[in-house]
Amino acid sequence: MTKSVVVLTGASSGIGEATARLLAQIPNLSLVLVARNQQKLKQLAQDLKQTRDLDVLVYPLDLTQLESIPDLVEAVRAKFGRLDVLLHVAGMGDFKPALEQELKNVETQFQVNTLSGIALLQAAGRQMVTQGEGKLLVVASMSAKLPTPQSSVYAASKSAINTYASVLGMELEPLGIPVTVVNPGPVRTPFFKHSSAMQDYIKNVDRFAMDADQVAQKLVDLVVRTGPMPREVNLPFTMRLAYLGQRFFPGLACWLTVRFANFK
Ligand SMILES: NC(=O)c1ccc[n+]([C@@H]2O[C@H](COP(=O)([O-])OP(=O)(O)OC[C@H]3O[C@@H](n4cnc5c(N)ncnc54)[C@H](OP(=O)(O)O)[C@@H]3O)[C@@H](O)[C@H]2O)c1
């Protein structure tokens, strides 16, 4: 039986690492682990191979190096002959007032969250069109749907990848290649380690926060799903409800957000 080849970005930490550990339990699957931290990826690959004889390729890559992204897909094609699922999880954010976002930092957030996503979706999408099948999955964020103060750049970068993926889905779905965006609310991961403001934020929203394993399980369900794929998955349920409220009553939602959901 041909093995499914899954390329997972962001595999060195948080949601990506949790997803890699769950994917490793699925039979007939080859895994490509992508992130910058080669040492963590190698250690993870070693751990996963202890569970069972898993085909794992470690591919260290800084996603801000956009021109290197097609090489990743070419390396996967050269080793496995195909690419069945792209699961793009890597991302970063920096929460601070909109007027205080340094332009260098704005550039990095857009490079990692938006431009690398577009480059990955393009490179993987082209391979899948050649194969005639495949599945594209992107982790964006609920902040794209329900932006809150101090998340201006992060929310904008995630909103942009949401829109790109949505249009790509319209173009590729008729070719049998679904595109799904997953928008999680707050998740307890090292994502928030970068500044004390971010550490305070995740503490303040702890009662709404999910564990990385919960999001990872949702992603794995989507990877193995054989029926029609959703275009968008918003988690958790409470945030899905809040998003619906925001769509119908945007002015009220904005007022409520500033007064009652300003946790940063
Ligand atoms: N945690 C949350 O509350 C939350 C909520 C909604 C959405 N998300 C999204 O979920 C995804 C995973 O986040 P997480 O919470 O698991 O955070 P995390 O633990 O900080 O993991 C982020 C991952 O992205 C990789 N990454 C960051 N910059 C990169 C770069 N320049 N090149 C290659 N890889 C890079 C990191 O690997 P290296 O450092 O090794 O490169 C790491 O594996 C992100 O897209 C994030 O925006 C998170």
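This report describes a buried strand and a nonpolar surface patch in a predicted model.

## Strand 5 and its surroundings

Strand 5 covers residues 135-139, and because five of its five residues are buried, this strand is largely enclosed by the rest of the structure. Its side chains point in two directions, with Lys135, Leu137 and Val139 going one way and Leu136 and Val138 going the other way, and the residues of both groups are buried.

## Parallel neighbours

Strand 4, made of residues 85-88, pairs with strand 5 in the parallel sense over four bridges, and within this pairing Val85 has Lys135 as its bridge partner in strand 5. To get from strand 4 to strand 5, the chain passes through helix 4 (residues 103-131), and this β-α-β crossover is right-handed.

Strand 5 also pairs with strand 6 (residues 179-184), again in the parallel sense and over four bridges, and here the bridge partner of Leu137 is Thr180 in strand 6. Together with helix 5, which spans residues 152-172, strand 5 and strand 6 make a right-handed β-α-β unit.

## A nonpolar patch on the surface

Elsewhere in the chain, Phe237, Leu241, Leu244, Phe248, Phe249, Leu252, Trp255 and Leu256 form a nonpolar patch on the surface, and their accessible area together is about 870 Å². Helix 8 (237-248) and helix 9 (250-260) each supply at least two residues of this patch, while the largest share, four residues, comes from helix 8.

Phe248, which lies in helix 8, has a relative accessibility of 62% and therefore counts as exposed, since the cut-off for that word is over 50%.

How values were computed:
Residues numbered from 1 in each chain as written. Predicted model: local features only at pLDDT ≥ 70, side-chain atom pairs only at ≥ 80, totals over all residues. Heavy atoms only, no water. Buried < 20%, exposed > 50% of the residue type's maximum accessible area, 1.4 Å probe, protein only. Pairing = 2+ DSSP bridges. Right-handed = clockwise from strand over helix to strand, strands pointing away. Patch = residues over 30% accessible without salt bridge, like charges linked within 9 Å, V, L, I, M, F, W, Y side chains within 5 Å. Areas by Shrake-Rupley, 256 points an atom, 1.4 Å probe, with all protein chains shown as cover. Salt bridge = Lys/Arg side-chain N within 4 Å of Asp/Glu carboxyl O.
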